[in-house]
Amino acid sequence: MRHATWAVLCGAVICSALAFAAEPTEEDVFLPLMTGWRVKPAADKKELAETFCRVDFDDAAWPTADIKEAEGPYKDRYVFYRRAVDVPAAWQGKKIAVVFGGVDDDAVVYWNGQKVGAHKGYDSEFDCDVT
């Protein structure tokens, strides 16, 4: 297994997230990513924007939350999300994408410290190639 850390800066709340290998087909294996997120609301993205995406960033003090389909309780303009993912060894050499069912307004997505995507728009699905 390959351990990966990814971080998402959102304007508000992630509606859903999945990782999958290859192009989506009936044979694909999906890895649900709706639980175990570290979450940190912030009034200003400058508070953490330069550091939270680093692999060695210490988020141990952040509360853990599960992502729900409905909007979360956060009132702050920015919400920082982090989650570690164990990528199955069988996915080695395959395309891996992270699919978001939607975010409230906008998101910037990082995988192992590297920016892999950004999205603007409420409640529309998007994906990021993290191969």
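In the predicted model, Y110 is a buried residue, with a relative accessible area of 16%; this value falls under the 20% limit, and the residue is therefore classed as buried. Y110 belongs to strand β8, which spans residues 106-111. Strand β8 pairs with strand β9, residues 114-120, in the antiparallel sense, and the pairing extends over 6 bridges. Within this arrangement, Y110 stands opposite K115 of β9. The two strands form a hairpin in which 2 residues lie between them. In the turn, N112 adopts a positive phi of about 50°.

Aromatic pairing was examined next. A pair of aromatic rings is described by the distance of the centres and the angle of the planes. The structure holds 4 aromatic pairs. One of these joins W37 and Y81, whose ring centres are 5.8 Å apart; the planes stand at 90°, so the arrangement is edge-to-face. W37 is located in strand β4 (residues 37-42), whereas Y81 is located in strand β6 (residues 78-87). The two residues are 44 positions apart in sequence, and the pair therefore ties together separate parts of the chain. W37 and Y81 are both buried.

A further aromatic pair is formed by F52 and Y110. The distance from centre to centre is 5.8 Å and the angle between the planes is 85°, an edge-to-face geometry. This pair also links distant parts of the chain, as F52 is placed in the loop between β4 and β5 and Y110 in strand β8, with 58 residues separating them in sequence. Strand β5 itself covers residues 64-65. F52 is buried, its relative accessible area being 0%. Together with F80, the residues F52 and Y110 make up one aromatic cluster. Y110 thus takes part in the cluster and also faces K115 across the hairpin strands.

Charged side chains were considered in the same model. Side chains of opposite charge can pair when their charged atoms come close. Across the whole structure, 2 salt bridges are found. In one of them, R54 is joined to D56, and the closest N and O atoms are 3.0 Å apart. R54 is partly exposed, with a relative accessible area of 40%. D56 has a relative accessibility of 58% and so counts as exposed.

The other salt bridge brings together the side chains of R82 and D59, with an N to O distance of 2.9 Å. This pair links distant parts of the chain: R82 lies in strand β6 and D59 in the loop between β4 and β5, 23 residues apart. R82 is buried, with a relative accessible area of 2%. D59 likewise counts as buried, at 16% relative accessibility. The side chains of D59 and R82 are also recorded as making a polar contact, at 2.9 Å. When neighbours within four places in sequence are left aside, D59 is in contact with R38 and R82.

The loop between β4 and β5 accordingly appears in both sets of interactions. F52 in this loop pairs with Y110 of strand β8, while D59 of the loop is bound in a salt bridge to R82 of strand β6.

Note on methods: Residues are numbered from 1 along each chain as its sequence is written. This is a predicted model: local features need pLDDT of at least 70, side-chain atom pairs count only at pLDDT 80 or more; totals for chains, interfaces and linings use all residues. Side-chain values use heavy atoms; hydrogens and water are left out. Two strands pair if DSSP finds at least two bridges between them. Helices (H or I, at least four residues) and strands (E, at least two) are DSSP runs, numbered from the N terminus. Rings of Phe, Tyr and Trp (its six-membered ring) pair if their centres lie within 6.5 Å; planes under 30 degrees apart count as stacked, over 60 as edge-to-face and the rest as tilted. Buried means under 20% relative accessible area, exposed over 50%, partly exposed in between (1.4 Å probe, protein chains only). A salt bridge is a side-chain nitrogen of Lys or Arg within 4 Å of a carboxyl oxygen of Asp or Glu. A polar contact is a pair of N or O atoms within 3.5 Å; within protein, one must be able to donate a hydrogen and the other to accept it, and residues adjacent in sequence count only if both atoms are side-chain atoms. Contact means heavy atoms within 4.5 Å.
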